[in-house]
Amino acid sequence: MANEFRDELKKLGNKQRFTFEGTFQKTGIKVASTKSGKHYKPTLLLKDVKYDNKRVTEHLWFNYTKGFGTLGELKQGDIVQFDGRVDSYVKGYFTETRKRDYKIERPTKIKLVNRDVCLLYTSDAADEGLGVD
């Protein structure tokens with residue numbers, strides 16, 4: 001089923017950037033082994049990723065970059081909007097059958113779209129008639 005949706009990513013192509021939305025599910029850790037040892041990188045999982053209000057994949061993992069970090073603490077169910085470019089990669093370990101899959105890379109213009117803005121209460125806000133009691 002996920003591949004059917006990833007076909008939608010393939011159809012978009014990689015010639016331009018698109019604006020996507022996904023639902024934050026959870027964070028994770030990716031382990032990369034190098035000559036100098038293991039490196040641990042934070043990741044995050046977005047599910048039900050959509051373009052133009054149409055689901056293009058069931059889920060995608062992203063590196064937890066500075067852009068995502070500027071959103072503050074993400075809560076399960078948060079809707080994250082971002083621009084990105086579709087790219088292909090080879091999926092699978094060397095001992096398994098490998099196949100081409102599609103991802104969204106280089107996310108930019110990252111923002112939350114489902115949370116209300118919270119006003120910090122100050123006595124000045126009440127004095128200005130901003131409706132803060």
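Biologist: Before we get to Glu8, what counts as a helix here?
Modeller: Helices are DSSP runs of H or I with at least four residues, numbered from the N terminus. Glu8 sits in one of them, α1, residues 2-12. Keep in mind that this is a predicted model.

Biologist: OK, is Glu8 buried or exposed?
Modeller: Its relative accessible area is 17%, and the cut-off for buried is under 20%, so Glu8 counts as buried.

Biologist: And what does the Glu8 side chain pair with in a polar contact?
Modeller: The side chain of Lys54, at 3.2 Å. Leaving aside neighbours within four places in sequence, Glu8 is in contact with Lys54, Arg55 and Val56.

Biologist: Switching to pockets. How much space is in the largest one?
Modeller: About 720 Å³. The lining has 21 residues, and the closest to the pocket's centre are Lys30, Trp61, Phe62, Asn63 and Lys103.

Biologist: Which strands supply at least two lining residues each?
Modeller: β1 (18-34), β3 (54-63), β4 (79-91) and β5 (99-112).

Biologist: How does the lining split by class?
Modeller: You get 10 nonpolar, 5 polar and 6 charged residues.

Biologist: What about confidence, what's the chain average?
Modeller: The mean pLDDT is 82, with 81% of the residues scoring at least 70.

Biologist: Which elements have the lowest and highest means?
Modeller: Helix α3, residues 123-127, is lowest at 45, while strand β2, residues 37-51, is highest at 94.

Biologist: And where does pLDDT stay under 50?
Modeller: Over residues 117-133. For that stretch the model has 7 contacts beyond four places in sequence.

Terms used
Residues are numbered from 1 along each chain as its sequence is written. This is a predicted model: local features need pLDDT of at least 70, side-chain atom pairs count only at pLDDT 80 or more; totals for chains, interfaces and linings use all residues. Side-chain values use heavy atoms; hydrogens and water are left out. On a 1 Å grid over the protein atoms alone, a cavity is a set of points where a 1.4 Å probe fits but cannot get out, and a pocket is an open set with protein on both sides within 12 Å along at least five of seven lines; lining residues have an atom within 4 Å of a point. Grid points are joined across faces, edges and corners, and a volume is the space filled by probe spheres set on the points. Ala, Val, Leu, Ile, Met, Phe, Trp, Tyr, Cys and Pro count as nonpolar, Asp, Glu, Lys and Arg as charged, and the others, Gly among them, as polar. pLDDT is the predictor's confidence in each residue, from 0 to 100. Contact means heavy atoms within 4.5 Å. Buried means under 20% relative accessible area, exposed over 50%, partly exposed in between (1.4 Å probe, protein chains only). A polar contact is a pair of N or O atoms within 3.5 Å; within protein, one must be able to donate a hydrogen and the other to accept it, and residues adjacent in sequence count only if both atoms are side-chain atoms.
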